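Biologist: I have a sequence and a set of coordinates to go through. Can we take the charged pairs, the cysteines and the ligand in turn?

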Amino acid sequence: MAPRVVVIGAGIGGMTTAALLARRGYGVRVFDQAIVPGGCASTFRRRGFTFDVGATQVAGLEPGGIHHRIFAELGIEPPAATPCDPACAVYLPGESEPIRVWRDPQRWQQERQRQFPGSEPFWQLLKDLFDASWAFQGRDPVLPPRSAWDVWQLVQAVRLGTLVTLPHTFSTVGQVLRWYGLGHDRRLRRFLDLQLKLYSQVDAEETALLYAATALAVSQSPQGLFHLQGSMQALSDRLVESLERDGGTLQMRHTVEAIATEKGRAVGVQVRDQKTGKVWTEPADHVVANVTVQNLVNLLGDVAPAGYRRRVDKLPDGSGAFVVYLGVTQAAIPADCPPHLQFLYDFDGPIAENNSLFVSVSHPGDGRAPDGCATVIASSFTDPRIWQGDDDRYAMLKQRYTETAIARLGQYFHLTPDTILHTEAATPRTFAHFTGRDRGIVGGIGQRVSTFGPFGFANRTPIAHLWLVGDSTHPGEGTAGVSYSAWTVARQIEAVE
Ligand SMILES: Cc1cc2nc3c(=O)[nH]c(=O)nc-3n(C[C@H](O)[C@H](O)[C@H](O)COP(=O)(O)OP(=O)(O)OC[C@H]3O[C@@H](n4cnc5c(N)ncnc54)[C@H](O)[C@@H]3O)c2cc1C
């Protein structure tokens with residue numbers, strides 16, 4: 001009989017692992033507590049509009065990119081997509097011309113040289129590190145390694161060229177800016193803070209240099225960020241199609257309440273069917289948890305090893321997201337509006353609590369809005385703790401954040417009662433409810449030196465046959481990142497069997 005795998009969660013990490021293992025002949029069952037698959041990369045519909053709940057742009061769809069490789073193995077066409085160019089237009093406070101992150105490497109080089117004179121040696125270092133890291137990552141290392149097999153995968157991925165990255169293992173972007181005499185360049189620093197916080201959860205001062213080198217380079221050709229035709233749901237739809245074709249099953253509205261173990265090994269999960277209330281233990285040879293590492297510890301309860309639990313408890317506070325979803329008439333959208341924009345509203349404040357907005361705008365014919373209309377989705381970072389008060393306080397805060405965000409967006413978009421047809425907002429409470437993520441924390445554990453790559457949480461957990469996929473693990477957040485973790489876990493399970 002084929003080994004049985006239970007996957008907890010149908011986010012992109014869980015669905016990708018499930019589809020890969022079903023393709024390789026395993027008996028796969030996926031349980032998800034939500035109504036639709038996709039987790040933070042799913043969608044919801046209102047009054048003819050389709051809104052992407054979290055993720056709006058996709059890396060790794062280019063030939064050789066991780067999504068592309070996985071769809072090739074699954075024998076499924078990748079979803080239709082167009083490259084974003086510029087990948088982002090970044091507006092700093094008081095400036096009317098944005099910094100445009102072009103897809104073409106030369107054009108981006110000219111743009112940054114014009115925007116940030118004297119910074120080229122810094123960018124060249126990033127490029128050298130990116131070239132070495134990207135080639136290394138393309139050889140499928142397992143990070144951090146936790147077994148002889150993992151170590152062997154890691155060793156095989158190393159080449160002479162990889163060694164250039166080693167002296168920078170413990171560097172942060174902030175340190176390197178100072179080495180290059182750029183520590184006082186406020187514009188460059190704020191641009192990097194904005195862009196890095198999107199990918200690494202922390203600002204330039206804290207982000208690990210090796211992580212930043214990749215995060216800042218993937219928007220350029222031959223890589224790139226892509227806008228999916230239809231909606232972000234296209235990604236999970238494809239994975240569900242593949243899973244079911246290969247005999248796997250996906251059950252939505254099924255909550256996994258606990259992971260069952262015997263003698264230090266995962267043997268199944270306790271599942272509750274939300275519709276009928278029925279609770280049972282689903283046996284498994286392997287359990288794959290597509291949840292945050294904090295959720296994993298909760299699911300393990302008393303059997304979570306004390307050292308592992310302590311490590312999770314000691315993690316720096318995670319970030320939440322406040323998101324405003326607007327359905328608007330096309331009249332609200334300025335001519336030549338790029339698909340993604342980033343606004344900073346105050347040079348000195350932290351990149352949190354409505355001080356910055358990352359904005360994604362649909363374009364005509366992309367399947368997200370009725371004719372003559374568009375969706376505008378704006379997100380900002382927020383401390384999840386401030387959303388934990390009583391219901392009245394929560395509602396007032398949500399209202400205030402929504403109004404502030406719309407007022408700020410109104411500095412660029414033509415937003416009036418006539419052009420706004422639908423308004424809705426999501427807070428950490430919303431994300432906790434719809435994605436089950438602990439306290440509504442999104443985006444992984446952060447890419448500080450202490451938590452990135454070799455120092456992060458492994459896919460191999462201390463419980464045998466229990467695997468962790470998703471944005472708490474290497475290489476971090478994003479649909480491409482979690483797909484890489486899924487790819488690793490599928491290989492690790494195969495190596496065990
Ligand atoms: C506002 C925002 C904007 C973003 N923008 C981008 C972007 O533009 N591009 C990009 O690539 N990434 C973006 N991201 C990040 C990206 O969405 C995530 O990193 C990625 O989708 C996470 O995938 P995952 O599989 O790790 O987990 P999740 O998406 O969190 O999926 C986990 C799944 O597990 C289910 N689940 C949880 N607990 C249980 C349980 N006990 N039982 C059953 N099911 C359970 C949940 O319902 C969920 O479906 C963004 C995130 C946010 C919040």
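Biologist: Does D391 count as buried or exposed?
Modeller: First, a caution: this is a predicted model. The cut-off for exposed is over 50% relative accessible area. D391 has 56% relative accessibility, so the residue counts as exposed.

Biologist: Which residue meets the side chain of D391 in a salt bridge?
Modeller: D391 sits in helix α12 (residues 391-409), and the partner sits in helix α13, 38 residues apart. The pair links distant parts of the chain. The N to O distance is 3.1 Å. The partner is partly exposed, with a relative accessible area of 30%. The residue is R429.

Biologist: How many salt bridges does the structure hold?
Modeller: Side chains of opposite charge can pair when their charged atoms come close. The cut-off used is 4 Å between the nitrogen and the carboxyl oxygen. The total for the structure is 28.

Biologist: What separates R69 and D140 along the chain?
Modeller: These two form a salt bridge, with the closest N and O atoms 2.8 Å apart. R69 lies in helix α2 (residues 66-74). D140 lies in the loop between α4 (120-138) and α5 (148-157). The pair links distant parts of the chain, and the separation is 71 residues.

Biologist: In that pair, is D140 buried or exposed?
Modeller: R69 has a relative accessible area of 25%, which makes R69 partly exposed. Buried means under 20%. D140 has a relative accessible area of 10%, so D140 is buried.

Biologist: Which residue forms a salt bridge with R439?
Modeller: R439 counts as partly exposed, at 42% relative accessibility. The partner counts as buried, at 19%. Their closest N and O atoms are 2.7 Å apart. The partner is D438.

Biologist: Which residues are linked in a network of salt bridges?
Modeller: A salt bridge here takes a Lys or Arg nitrogen and an Asp or Glu carboxyl oxygen. The network contains residues of both kinds. Its members are E97, R100, E111 and R114.

Biologist: How many disulfides does a search of the whole structure find?
Modeller: The search finds zero disulfides. C84 is in none, as the nearest cysteine sulfur, that of C88, is 9.4 Å away. For C337 the closest cysteine sulfur is also in C88, 11 Å away and too far for a bond. The cut-off is 2.5 Å, and the count is zero.

Biologist: What is the relative accessible area of C84?
Modeller: Under 20% counts as buried. C337 falls in that class, at 19%. C84 is buried too, and its value is 1%.

Biologist: Which residues come nearest to the ligand?
Modeller: There are 35 residues around the ligand. By class, that shell has 15 nonpolar, 16 polar and four charged residues. The ones that come nearest are D32, Q33, C40, Q57 and R437.

Biologist: How much of the ligand's area does the protein bury?
Modeller: Polar atoms come close to its oxygen atoms. A side-chain N or O atom of Q33 is 2.7 Å from one, and a backbone N or O atom of C40 is 2.8 Å from one. A polar backbone atom of G478 is 3.0 Å from an oxygen atom of the ligand. Taken alone the ligand exposes 1000 Å², and the protein buries 92% of that.

Biologist: Which helices and strands each supply at least two residues of the shell around the ligand?
Modeller: Both kinds of element contribute. The strands are β2 (27-32) and β11 (254-262). The helices are α1 (12-23), α13 (428-435) and α14 (479-496).

Conventions. Residues are numbered from 1 along each chain as its sequence is written. This is a predicted model: local features need pLDDT of at least 70, side-chain atom pairs count only at pLDDT 80 or more; totals for chains, interfaces and linings use all residues. Side-chain values use heavy atoms; hydrogens and water are left out. Buried means under 20% relative accessible area, exposed over 50%, partly exposed in between (1.4 Å probe, protein chains only). A residue is near a molecule or strand if one of its heavy atoms lies within 4 Å of it. A polar contact is a pair of N or O atoms within 3.5 Å; within protein, one must be able to donate a hydrogen and the other to accept it, and residues adjacent in sequence count only if both atoms are side-chain atoms. Accessible areas come from the Shrake-Rupley method with a 1.4 Å probe; for residues, only the protein chains shown count as cover. Helices (H or I, at least four residues) and strands (E, at least two) are DSSP runs, numbered from the N terminus. Ala, Val, Leu, Ile, Met, Phe, Trp, Tyr, Cys and Pro count as nonpolar, Asp, Glu, Lys and Arg as charged, and the others, Gly among them, as polar.
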